[in-house]
Amino acid sequence: MYRIYEQREIIKESHKRSEDLGIERERVLPKKVIAEEELREILRKNKTLINIAQPFIDMLYQVLEGSGFILLLTDREGCILSITGDKGVLEEAKALDMIVGAYMNEASIGTNAMGIAIKEDSPIQISAKEHFITVYHRWTCSAAPIHDTQGNIIGTLNLTGESYRVHPHTLGLVVAAVNYIDTRMKMEQENRAYKEGKGVLGAR
């Protein structure tokens, strides 16, 4: 977690990158949104992450249901893999093309929690005018990176709601969920390695 000064500097640097990347403050939709065949391939490549993360996302949403939040799972490039949440907020997000297949990295939509979590490899909460584009000033977003067993970023988990709902506890919820997902990823890899090892031994 960042100290207030550190976070301000990180956001300032992200805003500068957003400008350098040509993101317009008046932009409404992400620059990059994929569909159909390309999206199916992305989902296929991230099948393990989706299968492991979604049960934790569903459990977290049971706690948050009716509170005005949505949960977004992305891959390591910021492509949205799944969205779960309250219908009203889902519809608002859909109107902004915050949908499965949309990229939420800085190059696509400027400063936001998912993009910074990937860039800085750290949990972060971004609210209101901390976002680069004006239309996102309505949101508060808390995101944390998800890692494989080698420590590489393989995705992010993000919790988004209206900016007036900002609270430090929302970032804590995301971090706790990601810790469970990271642990489960490690267990899955260890189980897979064990089974493959048994197969090799059994073939001798």
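# Questions on a predicted fold

Reader: In the contacts of the protein with a separation of 6 or more, what share comes from residues 24 or more positions apart?

Author: The model here is predicted. Contact means heavy atoms within 4.5 Å. Take the contacts with a separation of 6 or more, then keep those between residues 24 or more positions apart. Their share is 63%.

Reader: How many helices and strands does the protein have, and in what pattern do they follow each other?

Author: The protein has seven helices and five strands. Now read along the sequence, with α for a helix and β for a strand. The pattern is α-α-α-β-β-α-α-α-β-β-β-α.

Reader: Why can the protein be called as compact as a globular protein of its length?

Author: Start with the rule: for 204 residues, the globule rule gives 17 Å. The protein is close to that value, so it is as compact as a globular protein of that length. Its C-alpha atoms fill a box of roughly 65 × 35 × 35 Å along the principal axes. The radius of gyration behind the comparison is 17 Å.

Reader: What percentage of the 204 residues count as buried?

Author: Buried means under 20% relative accessible area. The protein as a whole has an accessible surface of about 10,800 Å², and 53% of that belongs to carbon and sulfur atoms. That is a share of area; the buried share counts residues, and it is 48%.

Reader: Is tryptophan 139 buried or exposed?

Author: Look first at its place: tryptophan 139 is in strand E4, residues 139–147. The cut-off for buried is under 20%. Tryptophan 139 has a relative accessible area of 0%, so it is buried.

Reader: How far apart in space are tryptophan 139 and glutamate 106?

Author: Along the sequence, 33 residues separate tryptophan 139 from glutamate 106. In space, go from C-alpha to C-alpha. The distance is 16 Å.

Reader: Which residue in helix H2 has a positive phi although it is not a glycine?

Author: The phi in question is about 50 degrees. The residue is exposed, with a relative accessible area of 62%. Its place is in helix H2. It is glutamate 36.

Reader: Where is alanine 128, which has a positive phi too?

Author: Phi of alanine 128 is near 50 degrees. Alanine 128 is partly exposed, with a relative accessible area of 25%. Its neighbours include Tyr136, His137, Trp139 and Ser163, leaving aside residues up to four places away in sequence. Its place is the loop between strand E3 (124–127) and E4.

Reader: What is the distance between alanine 128 and asparagine 191?

Author: In sequence, alanine 128 and asparagine 191 are 63 residues apart. From C-alpha to C-alpha, the separation in space is 43 Å.

Reader: Which residues does arginine 25 touch, not counting residues up to four places away in sequence?

Author: Arginine 25 lies in the loop between helix H1 (4–20) and H2. Its relative accessible area is 34%, so it is partly exposed. Its C-alpha atom is 32 Å from that of leucine 49, which is 24 residues away along the chain. The residues that arginine 25 touches are His15, Glu19, Phe132, Ile133 and Thr134.

Reader: What volume does the largest pocket have, and which residues are closest to its centre?

Author: The volume is about 390 Å³. In total, 17 residues line the largest pocket. The closest to its centre are Lys45, Asn46, Leu49, Arg76 and Ile154.

Reader: Which element gives the most to the lining of the largest pocket?

Author: Helix H2 (36–45), helix H3 (47–64), strand E5 (153–162) and helix H7 (168–202) each supply at least two residues. By class, the lining has six nonpolar, four polar and seven charged residues. One element gives four residues, the most: H7.

Reader: How far is threonine 183 of helix H7 from lysine 94?

Author: Threonine 183 sits in helix H7. Its relative accessible area is 44%, so it is partly exposed. Threonine 183 and lysine 94 are 89 residues apart along the chain. Their C-alpha atoms are separated by 31 Å.

Technical notes:
Residues numbered from 1 in each chain as written. Predicted model: local features only at pLDDT ≥ 70, side-chain atom pairs only at ≥ 80, totals over all residues. Heavy atoms only, no water. 1 Å grid on protein atoms, 1.4 Å probe; cavity = no way out; pocket = protein on both sides within 12 Å on 5 of 7 lines; lining within 4 Å. Points joined across faces, edges and corners; volume = space filled by probe spheres on them. Nonpolar A, V, L, I, M, F, W, Y, C, P; charged D, E, K, R; others polar. Rg over C-alpha atoms; globule rule 2.2 N^0.38 Å. Buried < 20%, exposed > 50% of the residue type's maximum accessible area, 1.4 Å probe, protein only. Areas by Shrake-Rupley, 256 points an atom, 1.4 Å probe, with all protein chains shown as cover.
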